[in-house]
Amino acid sequence: MKEEATEKMGMEDVLKARLKSNEPVLEHLPEAFALLASSPLLPLPLPPVDPAPIIKHAAQVSNQACSIAHSDARESSWYTRRATISAIYLAAELHQLTSPRTAPASLHLLLENT
């Protein structure tokens, strides 16, 4: 149990640092997400939404965070851990777009409830 708490604490520090790295470019993030989500492959009047690049971004961040925090999940728990961290990070990053000051607290609550 204590080992799990240590891992979560390390993970929280890593993800908070990643959110902090967004701060200098925060005003540009909504446009960046819009560009990531739009697919230029289909010539439609409204650009179709493709969530794959955004999910890939969150998966890359969670994979890096798990490596830095030394998450030692094995077999199926490896995938579960990264999927959970991806969802938490993406939720915190989207929260950061609307309320930058409360994003770290939101991240903390999300990690506490996993």
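1. Read along the sequence, the protein chain runs α-α-α-α-α. The model is a predicted one. It contains five helices and zero strands. Of the 114 residues in the protein chain, 33% are buried. Among contacts in the protein chain with a separation of 6 or more, 64% join residues 24 or more positions apart.

2. The packing of helix α3 against helix α4 deserves attention. Helix α3 spans residues 52-68 and helix α4 spans residues 76-98. Their axes lie 8 Å apart, and the helices pack at an angle of about 115°. The crossing of α3 and α4 is right-handed. On the α3 side, the contact is made by Ile54, His57, Ala58, Ala59, Val61, Ser62, Asn63, Cys66 and Ser67. On the α4 side, the contributors are Trp78, Arg81, Arg82, Ile85, Ser86, Tyr89, Leu90 and Glu93. Sorted by class, the contact of α3 with α4 has nine nonpolar, five polar and three charged residues.

3. Ser62 is a polar residue to inspect within this contact. Ser62 belongs to helix α3. Ser62 counts as buried because its relative accessibility is 1%, against a cut-off of under 20%. Not counting residues up to four places away in sequence, Ser62 touches Arg82, Ile85 and Ser86. A polar atom of the Ser62 side chain lies 3.3 Å from the backbone oxygen of Arg82.

4. A second serine, Ser21, may be set beside Ser62. Ser21 is found in helix α1. Its relative accessibility is 42%, so Ser21 counts as partly exposed. The side chain of Ser21 places a polar atom 2.6 Å from the backbone oxygen of Arg18.

5. The loop between α3 and α4 includes Ala73. Ala73 has 14% relative accessibility and therefore counts as buried. Leaving aside neighbours within four places in sequence, Ala73 is in contact with Trp78 and Arg81. Both Trp78 and Arg81 also take part in the contact of α3 with α4.

6. Arg81 lies in helix α4. Although a charged residue by class, Arg81 counts as buried, because its relative accessibility is 16%. Arg81 and Ser71 are ten residues apart along the chain, and their C-alpha atoms are separated by 8.4 Å.

7. The largest nonpolar core has 15 residues. Which of its residues touch the most other members? They are Met11, Leu15, Leu19, Ile85, Leu107 and Leu111. The elements that give two or more residues to this core are α1 (2-22), α3, α4 and α5 (103-112). Of the residues just named, Ile85 is also part of the contact between α3 and α4 and is touched by Ser62.

8. Leu107 offers a view of this core from one residue. Leaving aside its neighbours within four places in sequence, Leu107 is in contact with Glu12, Leu15, Lys16, Leu19, Ile88 and Ala92. Of these, Leu15 and Leu19 are, like Leu107, among the core residues that touch the most other members.

9. Apart from the largest core lies another core, of five residues. Its members include Phe33, Ala37, Ile54 and Ala58. Ile54 and Ala58 are also on the α3 side of the contact with α4.

Key
Residues numbered from 1 in each chain as written. Predicted model: local features only at pLDDT ≥ 70, side-chain atom pairs only at ≥ 80, totals over all residues. Heavy atoms only, no water. Axes fitted to C-alpha atoms, helices over the stretch in contact; angles between N-to-C directions. Helix = DSSP H or I, 4+ residues; strand = E, 2+ residues; numbered from the N terminus. Left-handed = near helix turned anticlockwise from the far one by under 90°. Contact = heavy atoms within 4.5 Å. Buried < 20%, exposed > 50% of the residue type's maximum accessible area, 1.4 Å probe, protein only. Polar contact = N/O pair within 3.5 Å; in protein donor to acceptor, adjacent residues only side chain to side chain. Core = buried A, V, L, I, M, F, W, Y, C linked by side-chain atoms within 4.5 Å.
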